[in-house]
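Let's take a walk through this model together. Have the sequence and the 3D view at hand, and follow along at your own pace.

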Amino acid sequence: MKLLKTTLFTLLLLCTVASCSKDPIAEQTADFTIDLTLAEQNDAQFALEVLTLINEHRTSIGIDVIKIGSQFSSAYAVEHTNYMIDMSQINHDRFGFRSAALQSTGAHQVGENVAYGYNTAESVVNAWLNSPSHRNNIEGNYTHSGFGIKRCAESNTYYFTQLFYKV
């Protein structure tokens with residue numbers, strides 16, 4: 001029994017000491033370089049229609065409108081939309097990285113809505129407004145938005161990524 005207690009104490013001590021060590025990987029600076037021309041793949045007209053409807057909703061409840069964001073934010077949104085198309089599914093994979101990338105350029109908070117299968121701005125915005133988490137982003141304390149709206153050539157289906165952020 002004494003040997004077991006000594007072994008457990010030693011393990012506990014090692015874990016405590018090990019947890020205080022610095023992780024060299026965590027200290028590395030992330031590289032947020034992205035091909036800004038990705039933003040050109042966004043369906044800008046569709047994005048404008050979505051943003052117009054979102055801003056009409058925001059105005060109707062007394063909050064400020066959102067402006068079109070930077071080419072940087074749309075490049076990240078398009079990159080994620082391309083990823084979802086490649087995966088044939090919607091997801092928020094690596095949202096933390098996209099958020100950190102926008103924060104590296106001055107964003108104070110970041111949110112994201114994704115969707116697929118809608119053919120009109122009205123249908124995707126209505127779907128988001130009927131989902132509490134998506135609605136929270138639409139009504140959130142954000143100032144700008146980047147878009148990645150693309151039609152998948154194989155399935156003829158639209159995929160959407162909308163990044164919300166406050167500067």
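At what angle do helix α3 and helix α6 pack, and how far apart are their axes? Keep in mind as you look that this is a predicted model. Two packed helices are described by the angle between their axes and the distance between the axes. Here, α3 (residues 44–60) packs with α6 (residues 121–129) at an angle of about 45°, and the axes are 9 Å apart. Angles from 65 to 115 degrees would count as roughly perpendicular and those under 35 as roughly parallel, so α3 is oblique to α6. The crossing of α3 past α6 is right-handed.

Now zoom in on the residues that meet there. From α3 come Phe46, Glu49, Val50, Leu53, Ile54 and His57, and they meet Ala121, Glu122, Val124, Val125, Trp128 and Leu129 of α6. Sorted by character, the residues of this contact are nine nonpolar, one polar and two charged.

From the helices, let's turn to strand β4, which spans residues 157–166. Strand β2 (residues 109–116) runs antiparallel to β4, and eight bridges join the two. One place to look is Glu112, whose bridge partner in β4 is Leu163. Strand β3 (residues 144–152) also pairs with β4 in the antiparallel sense, over nine bridges. Within that pairing, Cys152 stands opposite Thr157 of β4. The hairpin of β3 and β4 has four residues between the strands, and Asn156 takes a positive phi near 60° there.

Why can β4 be called largely enclosed by the rest of the structure? Nine of its 10 residues are buried, so the description fits.

Methods
Residues are numbered from 1 along each chain as its sequence is written. This is a predicted model: local features need pLDDT of at least 70, side-chain atom pairs count only at pLDDT 80 or more; totals for chains, interfaces and linings use all residues. Side-chain values use heavy atoms; hydrogens and water are left out. Buried means under 20% relative accessible area, exposed over 50%, partly exposed in between (1.4 Å probe, protein chains only). Two strands pair if DSSP finds at least two bridges between them. Axes are lines fitted to C-alpha atoms, for helices over the stretch in contact, and angles run from 0 to 180 degrees between N-to-C directions. Angles under 35 degrees count as roughly parallel, over 145 as roughly antiparallel, 65 to 115 as roughly perpendicular and the rest as oblique. A crossing is left-handed if the near helix is turned anticlockwise from the far one by less than a right angle, and right-handed if clockwise. Contact means heavy atoms within 4.5 Å. Ala, Val, Leu, Ile, Met, Phe, Trp, Tyr, Cys and Pro count as nonpolar, Asp, Glu, Lys and Arg as charged, and the others, Gly among them, as polar.
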